[in-house]
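Welcome! Open your viewer, get ready to select a few residues, and let's take a short walk together.

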Amino acid sequence: MTVLNLLDQLNPEQRQAVESDAQHLLVLAGAGSGKTRVLTHRIAWLIAAGLASPYSVLAVTFTNKAAREMRGRIEELLETPSHGFWIGTFHGLAHRLLKAHHETAKLPANFQVMDSDDQLRLIKRILSEMNISDERVQPKQVQWFINQQKDEGRRAQYVTSHGDWYQDTLKDIYVRYEELCQRSGLVDFGELLLRAHELWLENPELLAHYQQRFTHLLVDEFQDINTIQYAWLQVLAGNKLSMTIVGDDDQSIYGWRGAKVETIQTFEHDFPGTHIVRLEQNYRSTAAILDAANAVIANNPARLGKNLWTEGERGDPIRLYAAFNEQDEARFTADEIQRLIDGGTNPNDIAILYRSNAQSRVLEEALIHSQIPYRIYGGQRFYERLEIRNSVAYLRLILNRQDDAALERIINVPTRGIGNKTVETLRVVARDQGCSLWQAGLFAIENSVLTKRAANALEDFMLLIADLEEAITDLDELGKMVKTVNEASGLIEFHEKEKGEKGRARVENLQELVSAVQSFAGNDEADTPMALLGQFLGEASLDAGDRQADEFEDSINLMTLHSAKGLEFDQVFLVGLEEGLFPHKMSMNDPGGLQEERRLAYVGITRARHQLTLTYAESRRLFGSETFNSVSRFVREIPGELLSEVRLRSSVSRPVSFGLQQDMAIDHAGLSLGQRVRHPMFGEGTLLNAEGGGAQARVQVSFDDGSERWLMVQYAKLEGL
DNA sequence: TTCCAGATATTTTTT
DNA sequence: ATATCTGGAA
């Protein structure tokens, strides 16, 4: 593709951004305004115009998926393979740097990345070691604290304590945690970033090398950046590199993970000479959808301000379906999707979005029932499954005996007579000697610290690991190596014995791991199969395993709103629009949280190209008990004329002026949804719904005899209980 | 030490 | 509803 062709496909603003020769460029890009397009075209343009080489460009994203997509698009544009490019997530790039300079970073060559589950285990272990009951200090809290500190770029020694016990304890735990990680050669997600940052600061020559190499730094989704990530970028950029950052403050949805929206605002000051381009023309959605999105997000104060517009058509109104309960909601959604597919819509262009993963279950059931193929993003990730983590732990321990997290995980899986007591003894030894659990094991056997039986079991285990290592060292394929480990460790057998569907699924997953490993290419740095295995393990913990979804047949898409960011679909079903669920009750109390929820709603709405369908359930079985939530405020923030209510089993829809009716009816009766009521004739029941106001007010009651009735409030003489 | 049953806690989003 | 933890029996 020539330089000219590259620019041809762009509108004036996009073009301005792509060709900008300002030293720094900030692109404020609304949803669907061609943000990624600008970024990829800019990279392609820089290279095609000879301003940069593939080796001098560093592009950073937040998700692996985004990184892969960007890579693919650039390859398409430039019509060349993109091996030379550094494109990746912050974590992925940090990992790559630390691997390359592990000595400088004071890490063992085979250091491993710990995911949050490993992290939590380690913390629990520290708590018990320090004799802190997990009632006084909750492990989750500690984990949150440590991650937060790392996101802020703060090492344990810099944690300020103002003499309060809780804070001091957290600090002590953090100190101990760092010690143990360092000794085991483990790094958590935050550590990757923190170390990569320190790598720059402490090694000016190294930094200079990279500053010389890279001429252009590009960052996607800049609104999601946290303190340490920004610091890392700033140091790298120095005052020489050219920065291009792209973002949308209205789509900042990772505040809970330490992302700072403000950074996008201060960027201008931190990098003088920044040219700002706004992309406000939307190419994705119909006007109706855009209007709805704009109306919702307008309720947030302190925005940078943007107004999306489109030249496209008005489109159908947004459909709203009030489901009776979550089953009904799922059934409705499945039926509608079936209709769309029958009508010729490609299933790939349909998505169901929800706030939290727990909601997917009912939807899945309904889809299975209707035999609609679906793929599900996120949720239980492949590499987070128990059996996969066990298998990976074996591999990790084979590669690195100091990996305490891996050892603890599988020392008694499958059960082999090494119980809590033995492990506890090992921990004590490890602490006294300041060594790893593996070394503690050696010590314990030599010095007969353990009972005969325990020592035997332990020795068997240690021999097993040694044998496994020997067995796989000479194998030439990763697949064979993993297969061998799965079988010889007894994992396959262990899970086969598990009863029911579960066991079979686990064995299948283990086989799936073998093929995943088999197709892992790695890069040329690994010269032996063992080294390649190490590389695979390193990347696996950073990999959500979301690739698997792409390989299946045409299917509709299920995902959380968070994972939907950056994607678009012709048909979007946004389900579970209830107060407490979305906005989530955890976020409802603080204004910042609520605003983030609203941005999440904005993200959700703007995923839709042609049509958006919103649903909510008047009653929902949640955590085992029935809950009654009113419709989400976000629905009420959409102007009534943009909405049309869908009635069950009827294609007729009518405009709805939403919000007031229900509330009035209820106010009038002095009752509330979900309340228990008594009727003189029908007995007791639960208030399900209400409509109309004043003399016309009617309520729907589900009576305990199983009947459901609409009653006029005026005449029904309902008694609240 | 293992296994099982029953109690108990835990409900957001992800690299 | 589910996963995780705990305690007690085998």
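**Stop 1: R609**

Start by selecting R609, which is buried because its relative accessible area is 18%, and buried means under 20%. Keep in mind along the way that this is a predicted model.

Now colour strand β14, residues 608-622, and you will find R609 inside that strand. Show the side chains next. Which side chain makes a polar contact with the side chain of R609? Select E568 to see the partner: the two side chains make a polar contact at 2.6 Å.

To view the wider surroundings, leave out residues up to four places away in sequence and display what R609 touches. Among these residues are R284, S285, T286 and I289. D349 is on the list too, along with E568, F569 and D570.

**Stop 2: G92 and its helix**

Move on to G92, which sits in helix α5. Is G92 buried or partly exposed? With a relative accessible area of 25%, G92 is partly exposed. If you like using the distance tool, try it from the C-alpha atom of G92 to that of L574: the separation is 31 Å, and these residues are 482 residues apart along the chain.

**Stop 3: α5 against α9**

Stay with α5 and add helix α9, residues 189-202. The axes of the two helices come within 9 Å and cross at roughly 55°. That angle makes α5 oblique to α9. The crossing of α5 past α9 is left-handed.

Show the side chains where they meet. On the α5 side, select F90, H91, A94, H95, L97 and L98. On the α9 side, select F189, L192, L193, R195, A196, L199 and W200. Try colouring this contact of α5 with α9 by class: there are ten nonpolar residues, two polar and one charged.

**Stop 4: α5 against α11**

For the last stop, keep α5 (residues 90-100) on screen and bring in helix α11 (residues 227-237). How far apart are the axes of this pair? They lie 12 Å apart, and the helices pack at an angle of about 55°. α5 and α11 are therefore oblique to each other, and α5 passes α11 in a left-handed crossing.

Select F90, H91 and L97 of α5, then Q229, W232 and L233 of α11, to see the residues that make the contact. Coloured by class, the contact of α5 with α11 shows four nonpolar residues, two polar and no charged ones.

Terms used: Residues are numbered from 1 along each chain as its sequence is written. Chains are lettered from A and ligands numbered from 1 in the order in which they are written. This is a predicted model: local features need pLDDT of at least 70, side-chain atom pairs count only at pLDDT 80 or more; totals for chains, interfaces and linings use all residues. Side-chain values use heavy atoms; hydrogens and water are left out. Axes are lines fitted to C-alpha atoms, for helices over the stretch in contact, and angles run from 0 to 180 degrees between N-to-C directions. Helices (H or I, at least four residues) and strands (E, at least two) are DSSP runs, numbered from the N terminus. Angles under 35 degrees count as roughly parallel, over 145 as roughly antiparallel, 65 to 115 as roughly perpendicular and the rest as oblique. A crossing is left-handed if the near helix is turned anticlockwise from the far one by less than a right angle, and right-handed if clockwise. Contact means heavy atoms within 4.5 Å. Ala, Val, Leu, Ile, Met, Phe, Trp, Tyr, Cys and Pro count as nonpolar, Asp, Glu, Lys and Arg as charged, and the others, Gly among them, as polar. Buried means under 20% relative accessible area, exposed over 50%, partly exposed in between (1.4 Å probe, protein chains only). A polar contact is a pair of N or O atoms within 3.5 Å; within protein, one must be able to donate a hydrogen and the other to accept it, and residues adjacent in sequence count only if both atoms are side-chain atoms.
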